[in-house]
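Here is a short briefing to read alongside the structure. Please keep the 3D view open as you go through the topics below.

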Amino acid sequence: TMNKLEGPLEQGIGIKYWNHIRVLAMDGNKLDSVGKGIGRLEYLEKLHLRQNKLRLLPEGVPSAGNTSLTMLCLSSNLLTSLPKSIVDVADTLTELYVNGNQLQTLPEGLAQKCTWLQKFNVAHNNIDKEELLPKDFVMRFGLPDVVTGQCTKDDACVVRLEGNPMAERRRKAYLEDEKAKAKALEIERAAAEMEVDSDDD
């Protein structure tokens with residue numbers, strides 16, 4: 001972490017060396033790509049790649065070869081999409097952090113297959129419309145709450161979507177509606193008070 005590494009992450013990881021590593025933390029560098037060898041690390045439990053310059057992950061990172069992976073942290077990068085192979089760690093993945101990227105949608109089947117997910121942070125991305133969320137995601141987690149931006153349909157998993165254009169529009173519309181209701185109620189009360197005063201006269 002914070003080693004000022006730049007460019008691609010060494011291709012040999014998982015192929016030539018570090019084969020038995022359990023935690024790989026490369027946060028706070030300037031990495032712009034990672035090698036597929038990471039997908040071969042069968043003992044890897046936690047992969048931290050936060051605050052880099054990753055625009056994509058190659059298919060196979062992660063992969064079915066990561067048989068021990070429980071946590072994947074990809075927040076604060078430049079990702080516009082996630083590899084479909086992410087569902088290959090469905091049997092073990094419990095925490096997935098992709099907040100602070102440029103994601104426009106999520107892989108189909110991720111919500112349906114990753115049944116052990118307990119924390120799923122997708123906050124502050126570029127998901128613009130509800131229609132861009134996969135059907136299995138909405139079916140399992142529901143749409144984001146208009147105030148908090150969290151999806152609360154699945155009690156076993158905390159899902160955060162605040163900061164996405166879709167969620168922020170829902171929040172703005174809700175707040176404007178509540179403001180209008182409060183204004184109407186205020187006018188109604190003022191009219192009622194004036195009517196009472198008139199009766200007293």
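## Sheet, rings and cysteines

Welcome to a predicted model, where strand E8 and strand E9 (residues 158–160) run antiparallel and are joined by two bridges. From that pairing, the briefing moves to the whole sheet, then to the aromatic rings and the cysteines.

**The sheet**

- Within the pairing of E8 and E9, Cys 151 has Val 159 in E9 as its bridge partner.
- The wider sheet is open and is formed by seven strands, with mixed pairing.
- Reading across, the strand order is E2-E4-E5-E6-E7-E9-E8.
- Which strands stand at the edges? They are strand E2 (23–25) and strand E8 (150–151), and each has a single partner strand, so one side of each is left without a neighbour in the sheet.

**The aromatic rings**

- How many aromatic pairs does a search of the whole structure find? The search finds three, and two of them are described here, Phe 120 with Phe 137 and Phe 137 with Phe 141.
- For Phe 120 and Phe 137, the ring centres are 6.2 Å apart and the planes stand at 65°, so this pair is edge-to-face.
- This pair links distant parts of the chain, since Phe 120 sits in strand E7 (residues 119–121) and Phe 137 in helix H2 (residues 135–141), 17 residues apart.
- Are Phe 120 and Phe 137 buried or exposed? Both Phe 120 and Phe 137 are buried.
- Phe 137 also pairs with Phe 141: the ring centres are 5.1 Å apart with the planes at 65°, so this pair is edge-to-face.
- Phe 137 and Phe 141 are separated by about one helical turn because they lie four residues apart in helix H2.
- Phe 141 is buried, as is Phe 137.
- Taken together, Phe 120, Phe 137 and Phe 141 make up one aromatic cluster.

**The cysteines**

- How many disulfides does the structure hold? The number is zero.
- Why does Cys 114 have no bond to the closest cysteine sulfur? That sulfur belongs to Cys 157 and is 9.6 Å from the sulfur of Cys 114, which is too far for a bond, because a disulfide needs the two sulfur atoms within 2.5 Å.
- Cys 114 has 0% relative accessibility, so Cys 114 counts as buried.
- Cys 73 likewise counts as buried, because its relative accessibility is 2%, and the cut-off for buried is under 20%.

Methods: Residues are numbered from 1 along each chain as its sequence is written. This is a predicted model: local features need pLDDT of at least 70, side-chain atom pairs count only at pLDDT 80 or more; totals for chains, interfaces and linings use all residues. Side-chain values use heavy atoms; hydrogens and water are left out. Rings of Phe, Tyr and Trp (its six-membered ring) pair if their centres lie within 6.5 Å; planes under 30 degrees apart count as stacked, over 60 as edge-to-face and the rest as tilted. Buried means under 20% relative accessible area, exposed over 50%, partly exposed in between (1.4 Å probe, protein chains only). Two strands pair if DSSP finds at least two bridges between them.
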